Amino acid sequence: MDNDVSAGSTTTTTIAGRLALGITLLAFGLGHTAVIDQVTAADAVTVAQYVGGVALFVAGLLALRESDTASGTAFTVLGALWFTWAVSADNQVSANAAGLFLLLFALVALTLTFAGGDALGQGVYGLLCVSLLLLAVGSFADSAALGKAGGWFAVGAGVVAWYAATAVLAHWPTGVSRRAAGRGVTATG
């Protein structure tokens, strides 16, 4: 394992942004899984508004100021989306309108996944994309099972985001070396 972090993700702004995103995704995802008694996604609204919305948006602006375009774009856009979700959570909308919002949110996550960056960042956005797609389809189809599955993918994305931030601070591995990945190994005989 390498302890190096690629794609400039060692800035304190990126670490703070990933922690904010991780906490938000964990709260949002656990609320959808219903694994904790009497905790729902609605209980994540405050975390989504202030941590996922405001703090993540500010981290994005700071990252853009530091010329970290990838993190800056991701954090500002996701911050705006989390804030929008949080402030509109009390509004009564149709299941199809909620599904459409989640689907549009998933497209943003898909863009962030393909935008590049380090593997952990792409993993976070890829898991978030799958989560939001499952939640969107679950909303369109009125399927609680798809909603729970989407919640678990959000939990996974939150864990990866938390790990990506914590790994930098704790000097844990953040990548797989080429040799460990099977490259550079030759067979003899």
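1. A good place to start is tryptophan 162, which counts as partly exposed at 37% relative accessibility. Please keep in mind that this is a predicted model. Tryptophan 172 is likewise partly exposed, at 34%.

2. Now for the buried tryptophans. Tryptophan 82 has a relative accessible area of 0% and is buried. Tryptophan 85, at 15%, is also buried, because the cut-off for that class is under 20%. The two sit three residues apart in helix H3, about one turn of the helix.

3. Back to the other two: the ring centres of tryptophan 162 and tryptophan 172 are 6.1 Å apart with planes at 65°, so this pair is edge-to-face. It links distant parts of the chain, with tryptophan 162 in helix H6 and tryptophan 172 in the segment after H6, ten residues away.

4. The whole structure holds seven aromatic pairs. In the pair of tryptophan 82 and tryptophan 85, the centres are 6.0 Å apart and the planes stand at 85°, so it is edge-to-face. Both residues belong to one aromatic cluster with Phe28, Phe101 and Phe105.

5. The largest nonpolar core has 31 residues, and Leu21, Leu78, Trp82, Trp85 and Tyr125 touch the most other members. Helices H1, H2, H3, H4, H5 and H6 each give two or more residues to this core. Leaving aside residues up to four places away in sequence, tryptophan 85 touches Phe28, Ala41, Ala44, Val45, Ala48 and Phe101.

6. For the overall picture, the protein chain has six helices and zero strands. Of its 189 residues, 39% count as buried. Among contacts between residues at least 6 apart in sequence, 70% join residues at least 24 apart.

Key: Residues numbered from 1 in each chain as written. Predicted model: local features only at pLDDT ≥ 70, side-chain atom pairs only at ≥ 80, totals over all residues. Heavy atoms only, no water. Helix = DSSP H or I, 4+ residues; strand = E, 2+ residues; numbered from the N terminus. Buried < 20%, exposed > 50% of the residue type's maximum accessible area, 1.4 Å probe, protein only. Contact = heavy atoms within 4.5 Å. Core = buried A, V, L, I, M, F, W, Y, C linked by side-chain atoms within 4.5 Å. Phe/Tyr/Trp six-rings, centres within 6.5 Å; stacked < 30°, edge-to-face > 60°.
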